Structures are given as structure tokens and as C-alpha cells.
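Morning, everyone. I have one structure to go through today, and I will keep it brief. Please have a look at it first.

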Amino acid sequence: MKKLLCAVLAFAVVMTFFSCAKEEVSPTAVATVNGEVITEEEFEYFRKKYKSQVLNECLENFSVQYTEDFWQTEFDGTTPEEILYDRALEECVRAKIQLVLMKEEGIYDDITFAGLRAKAEAFNEENANKEGVVGIKSIQMSQFYSYYLQTGVMELQNIYAEGKLKPDEKEIEEKISQLAGTSDYIDEEDYESVALSKLKTEKYEKFIEELYKKAEIKEIEQNGKQS
């Protein structure tokens with residue numbers, strides 16, 4: 001009986017060790033969207049991407065000069081830091097929603113931030129010494145997340161345009177009617193192809209917007225506000 005008890009205790013200790021180890025290597029979660037984790041790395045990617053944009057917008061909209069405490073200064077009830085945080089989080093959520101769809105459609109196997117970074121690194125290494133490569137030869141690592149997101153969106157739009165978001169004849173006719181006479185650069189025989197292209201984008205964007213509005217977003221910790 002004592003031997004059995006010792007064995008059980010030893011097993012519990014081992015499991016506790018592995019549990020702790022797993023928690024230590026898990027990326028910090030900033031939020032979740034529909035149960036999918038948004039890591040601090042993802043959040044920081046978009047925070048850095050939009051920092052200059054928010055800075056310029058705030059300087060212009062609030063007619064102020066940049067100061068040391070600019071990011072923490074309140075303008076019209078909010079601070080630039082909070083504006084940047086909200087924008088970065090929104091972009092994280094939109095990205096995650098679309099990446100999940102890409103995985104469902106088989107566009108990407110691994111949609112984690114680390115997985116896509118590894119994919120970019122492998123691509124760059126594979127093409128480093130190749131001559132006559134068709135298309136891009138390397139992916140800028142500072143923009144790899146946006147690259148795979150934008151590339152995936154194009155593939156997703158094409159898939160949906162032939163499936164769940166395929167426009168019907170009425171939608172096509174209405175779009176052609178809108179285009180008729182609006183541009184001197186579109187030949188009459190091209191109206192249908194232009195209409196289909198516009199509908200593909202519009203219907204996709206509307207679909208993603210609806211998913212965003214319905215998404216269950218839970219903020220876990222307020223990281224990333226320090227600028």
C-alpha cells in the first residue's frame with residue numbers, strides 16, 4: 001500500500017513539473033477571440049505597425065505638439081496610448097478571424113505567429129541562393145505577418161467567390177448597372193469581369209465585418225500600452 005501511495009505521489013510530482021514547464025513556455029496571452037489566443041507577439045506586431053499612424057493622427061486631430069508625456073496625455077477623454085492599444089487589438093482580432101478561416105480552407109496548416117514566422121524563415125532560406133526565381137525571392141521579416149495575411153486573404157476571396165460568397169445573377173446585374181457610364185477606362189465588354197472583381201472584395205469584406213461584430217473577444221491583460 002505504501003509503495004502504491006509513493007508511486008501515486010511521484011506521478012503527481014512529475015505531472016506538476018510538466019504542467020509548470022508548459023506554462024512557462026506558453027506565450028503571454030493578451031486576449032482571446034472565439035477562444036483563439038492572441039499572443040503578446042502578435043499584439044506588439046500591430047502596435048509597432050500603427051504607432052506612427054496614431055502619432056500623426058493625434059498630432060493633427062488634436063492640434064498639439066509632441067511632448068515626453070504625449071502618449072499618456074488625455075485628449076477629448078482618451079490618450080494616444082489607448083487609441084493605439086484599441087487599434088492594435090482590433091487588427092489582431094480581424095487577423096485571427098481570417099487566419100482561422102484560412103486554416104479551415106487548407107491555405108495554411110499553422111496559423112500561429114511563431115508558425116508563420118518559421119514559414120517565412122524557411123522560405124527565405126530555401127530561396128537564398130536560387131537564380132531565376134519566379135515571384136518574390138524573399139519575405140521581409142519585419143512584415144512577414146502582414147504578407148501571409150494579405151496573401152491568404154486573396155486566396156480566401158477566390159475560394160469564397162466560387163462558394164459561399166458566390167454572387168448571383170441579380171447581384172452581378174446590379175453591379176454592372178452601377179458601373180455603366182461611371183468610368184471612361186472600362187470597355188463595355190469588361191463590365192462583367194470588373195463587377196465580379198468588385199463583388200468578390202465587397203462581399204468578403206462584409207462577411208468578415210459581420211464575423212468581427214459577432215466575435216467573442218476577451219481581454220486577458222492590458223499589455224502593450226507602454227509606448
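Strands β1, residues 29-33, and β2, residues 36-39, run antiparallel and are joined by four bridges. Keep in mind that this is a predicted model. Two of the pairings are worth pointing at. A29 has T39 in β2 as its bridge partner, and A31 stands opposite I38 in β2. The hairpin of β1 and β2 has two residues between the strands, and N34 there takes a positive phi near 55 degrees.

What is the order of the strands in the open sheet? The three strands go β2-β1-β3, and the pairing is antiparallel. β2 and β3, the latter being 217-219, are at the edges with a single partner strand each, so one side of each has no neighbour in the sheet. On average, neighbouring strands of this sheet are turned by 25 degrees against each other, if direction is ignored.

Now the helices. Two packed helices are described by the angle between their axes and the distance between the axes. For α3, residues 80-104, and α5, residues 144-161, the angle is about 55 degrees and the axes are 10 Å apart. Angles between 35 and 65 degrees fall outside the parallel and perpendicular classes, so α3 and α5 count as oblique to each other. Their crossing is left-handed.

Which residues meet there? From α3, they are A95, Q98, L99, L101 and M102. From α5, they are Y145, Y148, L149, G152, V153, L156 and Y160. By class, this contact of α3 with α5 has ten nonpolar residues, two polar ones and no charged ones.

That is what I have; questions, please.

Terms used:
Residues are numbered from 1 along each chain as its sequence is written. This is a predicted model: local features need pLDDT of at least 70, side-chain atom pairs count only at pLDDT 80 or more; totals for chains, interfaces and linings use all residues. Side-chain values use heavy atoms; hydrogens and water are left out. Axes are lines fitted to C-alpha atoms, for helices over the stretch in contact, and angles run from 0 to 180 degrees between N-to-C directions. Angles under 35 degrees count as roughly parallel, over 145 as roughly antiparallel, 65 to 115 as roughly perpendicular and the rest as oblique. A crossing is left-handed if the near helix is turned anticlockwise from the far one by less than a right angle, and right-handed if clockwise. Contact means heavy atoms within 4.5 Å. Ala, Val, Leu, Ile, Met, Phe, Trp, Tyr, Cys and Pro count as nonpolar, Asp, Glu, Lys and Arg as charged, and the others, Gly among them, as polar. Two strands pair if DSSP finds at least two bridges between them.
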